[in-house]
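Colleague: Could you walk me through this one before I go back to the bench? I'd like to start with the ligands and then look at the protein interior.

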Amino acid sequence: MLTSPVKACLFLALVAQFVTAIPFPPPTGSYNTTLLISELTDDARLDPFAPTKQPRRLMISVFHPISPAECSPYLTLDLNPITAAFEDAALAQFGVQPGTFESLDLQVCHSRANPHHLSTSRNYPLVLFSPGLAGTRLFYNAIAQQLASRGYTVVTIDHAYDASIVTFPDNSTILAANITTEAQILLDLDARVKDVSFVLDKLSEPSTTARIIPSLACRLDVSNTGIIGHSLGGATAATAMLRDSRFIAGINLDGSFWGDVIQKGLDKPFLMLAHEGKIDPTWEAIWPNLTGWKRELMLAGSAHNTFTDLPDVVDVLGIRRSLPPEATDLLGTIGGARGFEVITTYVEAFFDFVMKGESSALLDKPSKSFPEVSFESP
Ligand SMILES: *[C@@H]1O[C@H](CO)[C@@H](O)[C@H](O)[C@H]1NC(C)=O
Ligand SMILES: *[C@@H]1O[C@H](CO)[C@@H](O)[C@H](O)[C@H]1NC(C)=O
Ligand SMILES: *[C@@H]1O[C@H](CO)[C@@H](O)[C@H](O)[C@H]1NC(C)=O
Ligand SMILES: CC(=O)N[C@H]1CO[C@H](CO)[C@@H](O)[C@@H]1O
């Protein structure tokens, strides 16, 4: 029988072998990106899901473009270590091994620019990202970073008690509440929409942006913000646009709509991306009530979670073939890198069109370069 120190060493050796850091490919846009993670507390609002009376606390990640000349590159964990261990365990039923998420790094930059001499710096359009229910904002790091590399300040948000786990800077965590009934989902949606408006309020305060985005040249223009979300985050995008006029354009990645936006509709640009074969009564119901620019596109070979980093993660780590067939039902059959490329290309084309005034043929008709994408009209 092995003595415990020897056992411990063998165990550590096995883990160490597995956790050799694997960097996510760098984004393909022309900007480098900084990543800043912050906690924000809304003292004006009690958290509707907290077991005791307490203000609503959120975590955000800010991906901000900088010029390659300003980039001092470094690697950082893709997921916070506590979140990573939690997600390994949560996804163990799909064959995810301990140490999996800990092994993945993101390539980001410190800004070398002196904030007092930012002669070449400028500000970029702002886009907020709202995750799916029971996910984590960290499952959209690569998508957010890719958009930032095309010249957008992108902020991903964890909605407390909705995200599977939110890990705060002091390592305290908030786990998901059991949000299942229609009433709970509508309460959650309301909290999510208040979260995204609160984040805009904070980002309009120079004292806050000086703290969380030090390389920002001047005030962010929060009055022209884009919003994108996956699943319930897509519903959040639509309802936020209905309630807060600072959101001028939105994207729903494969989410059902909830609440009054279905009847009230939207008059601003809205893009919907569906997984293959999606049939959703809420998409049919809202369609005639979307009176602004709108498109519904479907991605062949995709499943609901193709619209996260996860398919790309499993391919970058090389673990797709060790996953059970049920994983394909969640991730789709389109390759991780290809799905990522197609989704981010259309997301960028939409925001470039609405927020930068650059038109793209991709948004008007099928493209030979992207045969997986079809135009739907429910
Ligand atoms: C910075 O940008 C350069 C040029 O686009 C790219 O080759 C490099 O991978 C980027 N580095 C990081 C850390 O993003
Ligand atoms: C949080 O936990 C990590 C390990 O997961 C540790 O490195 C770090 O020092 C902890 N931070 C605090 C504030 O305790
Ligand atoms: C979650 O709530 C649903 C509906 O109220 C209930 O059926 C289910 O048992 C709950 N699950 C847990 C883990 O509490
Ligand atoms: C505000 C609005 O036009 N709502 C309409 C949404 O679509 C349904 C079904 O077509 C109509 O009944 C609503 O009046």
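Colleague: Which residues surround ligand 1?

Modeller: Bearing in mind that this is a predicted model, ligand 1 is surrounded by Pro26, Asn32, Pro73, Gln107, Val108 and Cys109. Taken alone, ligand 1 exposes 360 Å², and the protein buries 59% of that.

Colleague: Which strand gives the most to that shell around ligand 1?

Modeller: That is strand β5, spanning residues 104-111, which gives three residues to the shell around ligand 1.

Colleague: And by class, what does the shell have?

Modeller: The shell around ligand 1 has four nonpolar and two polar residues, with no charged ones. As for Asn32, an N or O atom in its side chain is 2.5 Å from an oxygen atom of ligand 1.

Colleague: OK, switching to ligand 4, what surrounds it?

Modeller: Ligand 4 is surrounded by Gln263, Lys264, Pro288 and Asn289, and the protein covers 38% of the 360 Å² of accessible area that ligand 4 has on its own. By class, that shell has one nonpolar, two polar and one charged residues.

Colleague: Which atoms of ligand 4 do Gln263 and Asn289 approach?

Modeller: For Gln263, a backbone N or O atom lies 2.8 Å from a nitrogen atom of ligand 4, whereas for Asn289 a polar side-chain atom lies 2.6 Å from an oxygen atom of the ligand.

Colleague: Now the interior: how many residues are in the largest nonpolar core?

Modeller: The largest nonpolar core has 55 residues, and those with the most contacts inside it are Phe101, Ile228, Ile251, Leu253, Val347 and Phe351. Helix α11, residues 336-356, contributes the largest share of this core, with nine residues. There is also a second, separate core of 51 residues, which includes Val62, Ile174, Phe247 and Met272.

Colleague: Going back to Phe351, what does it touch?

Modeller: Not counting residues up to four places away in sequence, Phe351 touches Val127, Leu147, Tyr152, Gly226, Ile227, Ile228, Ala249, Ile251 and Lys356.

Colleague: One last residue, Asp195: is it buried or exposed, and why?

Modeller: Asp195 counts as buried because its relative accessibility is 0%, and the cut-off for buried is under 20%.

Colleague: Where is Asp195 placed, and which residues is it in contact with?

Modeller: Asp195 is in helix α4, residues 182-203, and, leaving aside neighbours within four places in sequence, Asp195 is in contact with Arg45, Arg56, Leu58 and His159.

Key: Residues numbered from 1 in each chain as written. Chains lettered and ligands numbered in written order. Predicted model: local features only at pLDDT ≥ 70, side-chain atom pairs only at ≥ 80, totals over all residues. Heavy atoms only, no water. Near = heavy atom within 4 Å. Polar contact = N/O pair within 3.5 Å; in protein donor to acceptor, adjacent residues only side chain to side chain. Areas by Shrake-Rupley, 256 points an atom, 1.4 Å probe, with all protein chains shown as cover. Helix = DSSP H or I, 4+ residues; strand = E, 2+ residues; numbered from the N terminus. Nonpolar A, V, L, I, M, F, W, Y, C, P; charged D, E, K, R; others polar. Core = buried A, V, L, I, M, F, W, Y, C linked by side-chain atoms within 4.5 Å. Buried < 20%, exposed > 50% of the residue type's maximum accessible area, 1.4 Å probe, protein only. Contact = heavy atoms within 4.5 Å.
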